[in-house]
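Grab a coffee and open the viewer. Below are a few exercises, each followed by a worked solution.

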Amino acid sequence: MTTAHGRRRVTIHDVARHAGVSITTVSHALNGKGIVAETTRARVVESATTLGYSPDVIARGLRKQSLRLLGLVIRPLDTLDSYQPAGVDYFVRFAGAAAVEALDRGFGLMLVRDPTTSNVPGIALAVDGFIISDPVASDPVIELLNRNGIPLVTVGRDIERADFTDWVEPGSSSDLHAVTEHLLDRGARRVALVTGTDANAWNFDTELAYREWTAATAQEPIIYRQNERSGEDGGREVAEAMLAAASAPGGEPLPDAIYCLTGRHAAGLQSRLQEAGLAVPRDVMIVAGSDSEQTRNSTPPITSVDLTPEVTAAAAVEFLLLRLSGDTESVAPLIENVLRLRESTNRP
């Protein structure tokens, strides 16, 4: 079976060949019927997952027609401990805006976790197309959808797939330049960058732009990385590392401005620096690369980049629908985010 876009769907025959068993064994292993050795069942399930085969009967029957249904996978949430990270409203706003935009275009929207796992409804792979937010490097979700001939667009690029061009640019590099320009205007001389550790374009492209900026301004790069799952505690750990580096014999002075991509990290970092006797913004200015409840409610409130999830979601839905309509020429828009100025950088 092939899709409207010419790619061949994975079939039960493919799974059987990959696992080295019969079609009947595949059917029994996936449906829980018959007598199948546990090791064989595990091998069949692994082959089905690897190939992206969905045994769901409804999905198989519906693949021949349009469901007028889009899928949405938010990759950063797949790496966090919860799909509802405390204080982080970007993803809820993004998903809600994408759903409403899809409805306005006559489509529904299904929000699913990583479809390469076994915890996803089989019907998910019967949707017309997918939006993937912030894909990871060499993202297996992109590989799965391509293998099954399912159209997709991403928000942010896959940094290891130069040949994949159907992505909406979320403005990471332009955000970095807007932030550094603002900090220099407020008197900053040593600007540090704190990124996350997820292998995605947001972290990668921001650091690349920062290194280019430091080279152009003759400043030594000051870069810290912290796992996104660590929340405010992770920001406090970065602050401890900065304080330790400054107090070491022959250590460099603390940066007088910090651009911290994750809002929860920024809030924790600011709190720990204040406990150490530093005043914000007098001694150090802080900017978060993503607005959150923590940045808005910190004391003082933290200047943040509003990643405009509503605008981004609408652009992603429109771009996907263009591709579904057969338009292969249109170029994805560049999203312009907004720097929300608050007291953390209100230095004369």
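A residue counts as buried when its relative accessible area is under 20%, as exposed when that area is over 50%, and as partly exposed in between. Keep in mind that this is a predicted model.

**Exercise 1.** Decide whether phenylalanine 94 is buried or exposed, then work out how its ring sits against that of tyrosine 90.

Solution. Start with the accessibility: phenylalanine 94 has a relative accessible area of 1%, so it is buried. Next, do the same for tyrosine 90, which comes out at 13% and therefore counts as buried. Now look at where they sit: both belong to helix H6, four residues apart, or about one turn of the helix. A search of the whole structure turns up three aromatic pairs. In the pair formed by tyrosine 90 and phenylalanine 94, the ring centres are 6.0 Å apart and the planes differ by 25°. Planes under 30 degrees apart count as stacked, so this pair is stacked. To finish, widen the view: ring pairs link Tyr90, Phe91 and Phe94 into a cluster.

**Exercise 2.** Classify the ring pair of tyrosine 210 and tryptophan 213.

Solution. First, place the two residues: they are three residues apart in helix H9 (residues 201-217), about one helical turn. Then check burial. Tyrosine 210 has a relative accessible area of 1%, so it is buried, and tryptophan 213, at 9%, is buried too. Last, the geometry: the centres are 6.1 Å apart with 35° between the planes, and the pair is tilted.

**Exercise 3.** Lay out the strand order of the open sheet and find which strands stand at its edges.

Solution. Read the order across the five strands: S2-S1-S3-S4-S5, with parallel pairing. The edges belong to S2 (108-111) and S5 (167-168); each has a single partner strand, so one side of each is left without a neighbour in the sheet. Now zoom in on S5: S4 (residues 152-155) pairs with S5 in the parallel sense over two bridges. Threonine 154 is found opposite tryptophan 167 of S5. Finally, bring back helix H6 (residues 90-104): H6 lies across S1 (69-74), S2, S3 (129-133) and S4, and runs at about 170° to S1.

**Exercise 4.** Find which parts of the chain are linked by the salt bridge between arginine 93 and glutamate 310.

Solution. Begin with the general idea: side chains of opposite charge can pair when their charged atoms come close. The N to O distance between arginine 93 and glutamate 310 is 2.9 Å, and the two side chains form a salt bridge. Then locate the ends: arginine 93 is in helix H6 and glutamate 310 in helix H13 (residues 309-324), 217 residues apart, so to speak distant parts of the chain. Arginine 93 is partly exposed at 28% relative accessibility, and glutamate 310 is partly exposed at 36%.

**Exercise 5.** Compare that with the salt bridge of aspartate 158 and arginine 161: are these two residues buried or exposed?

Solution. The side chains meet at 2.8 Å, N to O. Aspartate 158 counts as buried at 2% relative accessibility, and so does arginine 161 at 17%.

**Exercise 6.** Which helices are tied together by arginine 236 and glutamate 275?

Solution. Check the contact: the closest N and O atoms are 2.7 Å apart, in a salt bridge. Arginine 236 lies in helix H10 (residues 231-247) and glutamate 275 in helix H11 (residues 263-275), so the pair ties together parts 39 residues apart in sequence.

Conventions
Residues are numbered from 1 along each chain as its sequence is written. This is a predicted model: local features need pLDDT of at least 70, side-chain atom pairs count only at pLDDT 80 or more; totals for chains, interfaces and linings use all residues. Side-chain values use heavy atoms; hydrogens and water are left out. Two strands pair if DSSP finds at least two bridges between them. Contact means heavy atoms within 4.5 Å. Axes are lines fitted to C-alpha atoms, for helices over the stretch in contact, and angles run from 0 to 180 degrees between N-to-C directions. A salt bridge is a side-chain nitrogen of Lys or Arg within 4 Å of a carboxyl oxygen of Asp or Glu. Buried means under 20% relative accessible area, exposed over 50%, partly exposed in between (1.4 Å probe, protein chains only). Rings of Phe, Tyr and Trp (its six-membered ring) pair if their centres lie within 6.5 Å; planes under 30 degrees apart count as stacked, over 60 as edge-to-face and the rest as tilted.
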